[in-house]
Amino acid sequence: MTLGVTSGMNASILEGFCVEQILSVCGDRAAHFWGTQSGAELDLLLLHGGRRLGFEFKFSDRPATTKSMRVALEDLVLDHLYVIHPGEHEFPLDESNTSMTLPRLVDVLRSGAAHA
C-alpha cells in the first residue's frame, strides 16, 4: 500500500482511506475528531488498548510538529501522536510524536506495540 498525493488527487479522500484503515484495526467505538475554537485540530482521536492516541495526516515526505499538534498532545493528554505521511521512513518528531507510513502504523496497532 503506497500513499502519495498527485495532482488532481483529493487529499480528503486519501485521509478518509487512512482513517478507514486505522479503524479496521482499532474499531470505531471510541473514534473522534477533535477541534478547538481557536483552530487547533486533530484528525483522529482513539482510545485503543487503554491508551489515548492521536493521528494527524500530512501529505509531505517530511512532516514537522505543528502548534496544533502540541495543543492536542497537551489538552487531550495523549499517550502518543502519530503523523501519517506518504514517505518511506519512520522517524520521531519528539518524545510523544512519531511520523510513519500508514502500512507501518497498521502493523504497530495490530501488534499492540504502540509507543509508550
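1. In this predicted model, Val77 adopts a positive phi of about 50° at a position just after helix α2. The helix itself spans residues 67-75, and its buried residues are Met69, Ala72 and Leu73. These three lie on the same side of α2, because the arc they cover around the axis is only 100°.

2. The face of α2 turned away from that buried side carries Lys67 and Glu74, both of them exposed. On the buried side, the packing partners are strands: the buried residues of α2 pack against β1 (31-35), β2 (41-48), β3 (51-57), β4 (80-84) and β6 (97-100).

3. Asn97, which is located in strand β6, deserves a separate remark. Its relative accessibility is 0%, and Asn97 therefore counts as buried, the cut-off for that class being under 20%. The Asn97 side chain makes a polar contact, at 3.5 Å, with the side chain of Thr65. When neighbours within four places in sequence are left aside, the residues in contact with Asn97 are Thr65, Met69, Leu73, His80, Leu81, Val83 and Pro92; among them, Met69 and Leu73 are buried residues of α2.

4. A further point concerns the pair formed by helix α1 (residues 11-26) and helix α3 (residues 102-111), which pack at an angle of about 15° with their axes 9 Å apart. The two helices are therefore roughly parallel to each other, a description that applies to angles under 35 degrees. The crossing in which α1 passes α3 is right-handed. From α1, the contact is made by Phe17, Cys18, Gln21, Ile22, Val25 and Cys26, and from α3 by Leu102, Leu105, Val106, Leu109 and Arg110.

How values were computed. Residues are numbered from 1 along each chain as its sequence is written. This is a predicted model: local features need pLDDT of at least 70, side-chain atom pairs count only at pLDDT 80 or more; totals for chains, interfaces and linings use all residues. Side-chain values use heavy atoms; hydrogens and water are left out. Buried means under 20% relative accessible area, exposed over 50%, partly exposed in between (1.4 Å probe, protein chains only). Helices (H or I, at least four residues) and strands (E, at least two) are DSSP runs, numbered from the N terminus. The arc is that of the directions from the helix axis to the C-beta atoms. Contact means heavy atoms within 4.5 Å. A polar contact is a pair of N or O atoms within 3.5 Å; within protein, one must be able to donate a hydrogen and the other to accept it, and residues adjacent in sequence count only if both atoms are side-chain atoms. Axes are lines fitted to C-alpha atoms, for helices over the stretch in contact, and angles run from 0 to 180 degrees between N-to-C directions. Angles under 35 degrees count as roughly parallel, over 145 as roughly antiparallel, 65 to 115 as roughly perpendicular and the rest as oblique. A crossing is left-handed if the near helix is turned anticlockwise from the far one by less than a right angle, and right-handed if clockwise.
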